[in-house]
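Trainee: I would like a close look at one part of this model. Please take the salt bridges and go through them one at a time.

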Amino acid sequence: MNVLLSWMREFVPQGFGELENDPNALADVLTGLGLVVESVETVGANWDGIVVAKVLGLRKHPEADRIQLVDVDTGGAASAAGEPLQICCGAFNMTVGDLVPLATIGTTMPGGMEIAERQLRGETSNGMLCSAVELEAGDDSDGIMILDAGLTIGQGLSEALGRESDVLFELDVEGNRPDALSVAGVARDLAAKLGTPFVLPETPFAETEPPASSRASVVIEDSVLCQRFGLRVLDNVTVGQSPLWMQQRLIASGQRPINAVVDISNYVMLERGQPNHTFDLATVPDGALRVRMATEGETITTLDGQERTLSATDGLVCNGDSVAISIAGVMGGFDTEISESTTSVLLEAAVWDRMTIAKTSRRLGLRSEASTRFERGADPQGIERALDRFCQLAAEICGATIAEGALVVDGGVSTPPQVTVRTARVNQILNLDLDVDQVAKLLTPIGFATVSVATDSLVVQIPSWRPDSSAEIDVIEEIGRHHGYEKSGSRVPTPAQAGVLTATQLGRRKVRSAFMAEGFSEAMPLPFLAPGDLAKAGLDEAGISLENPLVAEESILRTSLLPGLLKAVAFNQSHRNADVRLFELGAVFLPSDDELPVEEEWVAAVVMGADAAVAVETLHQVARTLNLAGMRIINSEIAGLHPTRSAELQFWGKSLGSVGEISPEVLEAYEIEGRVAWLAMRVPPIVKAQQSPPKFKKVSRYPSSDLDLAFVVPASVAASDVINTMRKAGGELLKTAELFDVFRSETIGGDARSLAYRLRFQAADRTLTDDELAGVREKIIGAVTKKHTATLR
Amino acid sequence: MTESLLDDLQTSVAEAIAAVTDAADIDALADIERSSLGKKGFVVSAKKAVGTLDPELRKSTGQAINEAKVQLDEAIAARRSELGRSARSAQYEGERMDLTEVPAGASVGHAHIVTQTWDVLEDLFVGMGFRVVEGPHIETDWHNFDALNIPKGHPARDGFDTMYVNHGEPGSTLLRTHTSPVQIRTMLDQEPPIYVIAPGRVFRRDTADSTHMPVFHQIEGLVIDRNISLADLAGTIDAFVTAYFGAEVKSRLRPNYFPFTEPSAEFDIQRSDGSWLEMGGCGMVHPNVLRAGGIDPEEWSGFAFGFGIDRLALMKYGVDDLRDMFANDQRFLAQF
């Protein structure tokens, strides 16, 4: 919302005091009221050097067809009074005797151009005649601006047109403040804050017989759609250009001047916040209007010439025969539009159902200044004033005569509520110490009138222009806003608890640290996938889809961290990045029959250009940090992974995740070269493991004995199974068992390999004897050879 | 007799000291030590011979022998340490390394800057006595909107650009557009007083550009206690701002509108040039929201605030395009 200071000033007879000369301070006040000023701009550009000149004669340029020579009288401003001054001009719209703006030599135009004496094909130009656009005074660039014949020749243009420099505030108005989508509304808030009176000026105009009620009528068939509907009838309307001052204000407010009737309509909307619409009365039989909802499939040609098919959720203004002539609050119809030949106008100002307008304007893609105001809520009690303001301006500008009386019909309009405001509540929420009088003093200027007062509370009438306000807390906000939030002070509340992270939150941090210690950096791929991404990764295509995706590439929610990390690997590979080790910790989403889908938290890691062994090494390191003792690696085929180089992870008898290498097929589908190591684990079991810290085991004071054993073991037997067997056989004397060598050769033959283990034996309470050691050795060898059809080497 | 004993000893000592000085290494020195001070060395022999002397000579002779022994001891110790030093310097010379030749080796990994910022914020509020609460990413329409005083048809719903998921009734289930539904879950889950923050990932139906992502991260605070006022909100914001940005950074509240708080405010921080930067939204929890959370607004009041984590990360590290933060480029991730 753009608001001019001069325009607001019309509602504040005593002015804004000293702040009027300090636009930035005024902007701070507005911002402090919640009407955030995004920019402050001085407009009403400098017209120094531009004077009123009279055309004395027009002559053909001897050498050029597109330029003419104009002799002007500058009234002594740039040449002696009555003495012709020659100007070369490319416009041909003026006639002898016209008054025109002349930029004299040395003038800097509003657009920055410097005016100097010039030679045009051998003729001297002693200045420049200006168009409205060049003066930034309108959007008419077709010809030289022709000035009012009553102006004084030689007078400065600013003085002649009464134009002073002005300040434009660009405001960001929040959705709860429809009243501030008007100049008057902003002025009311600002005046209240600055303690100066706000006054709606009188809008006098003459009225003529016969009364409007004999020439127009309205029936509201749907009172949900229409809260209130007002009409006026205007005759003898001349549809010409609007005056310069109005055009300037409209331009500053972001509206393009079109013609006097449209301009007045927009002007009244901007000033009062009440959108309005004009019909050519001649096209509306008997001036009869009916307001109803559209029927599904009904059509109307809107004033932009487009035929639009309506839905049963759209509101309509129809003629007496129930033929649609306007989409309520959104856009008028083509057939009833004001034209050059219009003389009588049916003026509508209504307040519509907010949701209906929101739906229709969105569905038709017709959001406008008007629909925005209706969506947020216009003032149903402001209709008469808006109609009157329109009539006053139309009488002044278009020579309109106004038929007596306004026709205003109530639809579903409700009376704004009265609210009891307790000072104790006000003071508790705002940390203030206000009494009822102080509260009333803050509320009255913004239209929250006091209905009755008790010692510790008052009843307040909510104004009709504040549809957002209906409860005590709404009024408390107004009190706070006008008193100033800064007056509430500042203190830090003291919770009666210690701040602490949960086990899950601490666990996540530990998981991240474990992976970072292994050289993995944290990636954050988006959780969205394209259709087919899961299948490409060898996973079930059962991801939850979005109802309204923006693009197909982001239409499925991931069921695994795999696709996102593969995309990250592919991205890094295509950018020739080295040493790509990434991990991600995040949620995956699985379909469910419950109220909400299932969310599982996983951590997964990839190493570009590395095989399963790297994944397993990482796993062991991470498992040590994360207290995952007892985790088992079970060679298995796992979706998306290399079928002969992958394993399932089990922890406390439950599936923890997977480790290995990405399947070559999947890598091909993601256009990744080389191998990619993979490790994935569920987060909750890891978190749980952090909650049972390792139990202390007393360190033995007695010497330990080491023993190396190598077995030839068939390929079908996992190296870890051999260790498990040795552990079982070795009992508590076997402290550690580690695989330290794997050897394959032709002499061993077949698929078998030699696995060499280093075992350490130790007792807690004695030095082991040779006999004891020999015994346990035999037991272990026996168990391994028997269980795994292995042979000792 | 005495004379000749002492003369012999002194000759032996002088010879031994000369040999000590000439000893080429620790072994040669040990030989000299053995032959002079060892069990069969001449010093011990001389000491034994003292017993054969006249009693009146024994004391002075014994003293002379001891002096000779000390003299020899010192010479050996001095030579030993000299030999040790030169052996060490020979070792050092032999082991000389150019440490600038050593490659940097594998890097440790880096936490994502969103995580780094997130953790700092969590720690900061935990320090102020807040707990950290969480909720699901996929939410019901009720938790995300209705319970937050944004009923169906409320114009504020338009502003959220919500992504709905195909689950249950159409339009019933969505990717949360803010962390505020966690407020509702917390209120339904625990009795006041409540002092919590809810950091989390949120979603908007937005095309990615330098300042927008369809997925981003927010942190939200909720306090509900007796007699909580706008002053408590201002104080908490101020405590956070000075802790995070520095003691000299000021904050202010200015009126704004959010459906779930009233009075509502935007909180700004002041840049060093005096201008104000919009940081986030806040306000007193709307009575309707407290009611939706099963809390009596006459008995309890509260405030809430929220702001973006990604933007803080962006500001801290000077990243100028939000998309870079989520491209997962190793060269980006390894910088922080």
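Mentor: What follows is a walk through three salt bridges and a network. The model is predicted, and 58 salt bridges are counted over all chains. As background, side chains of opposite charge can pair when their charged atoms come close.

Take E384(A) and R228(A), whose closest N and O atoms are 2.8 Å apart. E384(A) belongs to helix 9 of chain A and R228(A) to strand 13 of chain A, so this salt bridge ties together parts that are 156 residues apart in sequence. E384(A) counts as partly exposed, at 26% relative accessibility, whereas R228(A), at 8%, counts as buried.

Another salt bridge pairs E298(B) with R422(A), and here the closest N and O atoms are 2.9 Å apart. E298(B) sits in the loop between helix 10 and strand 10 of chain B, while R422(A) is in strand 24 of chain A, so the pair joins two chains. E298(B) is partly exposed at 48% relative accessibility, and R422(A) is partly exposed with a relative accessible area of 30%.

Last comes R466(A) with E478(A), with 2.7 Å between the closest N and O atoms. R466(A) lies in the loop between strand 26 and helix 12 of chain A and E478(A) in helix 12 itself, so the pair ties together parts 12 residues apart in sequence. R466(A) is buried, with a relative accessible area of 2%, and E478(A) is buried with a value of 2%. This pair belongs to one network, in which salt bridges that share partners join R177(A), D179(A), D189(A), R466(A), D468(A), E478(A) and R481(A).

Conventions: Residues numbered from 1 in each chain as written. Chains lettered and ligands numbered in written order. Predicted model: local features only at pLDDT ≥ 70, side-chain atom pairs only at ≥ 80, totals over all residues. Heavy atoms only, no water. Salt bridge = Lys/Arg side-chain N within 4 Å of Asp/Glu carboxyl O. Helix = DSSP H or I, 4+ residues; strand = E, 2+ residues; numbered from the N terminus. Buried < 20%, exposed > 50% of the residue type's maximum accessible area, 1.4 Å probe, protein only.
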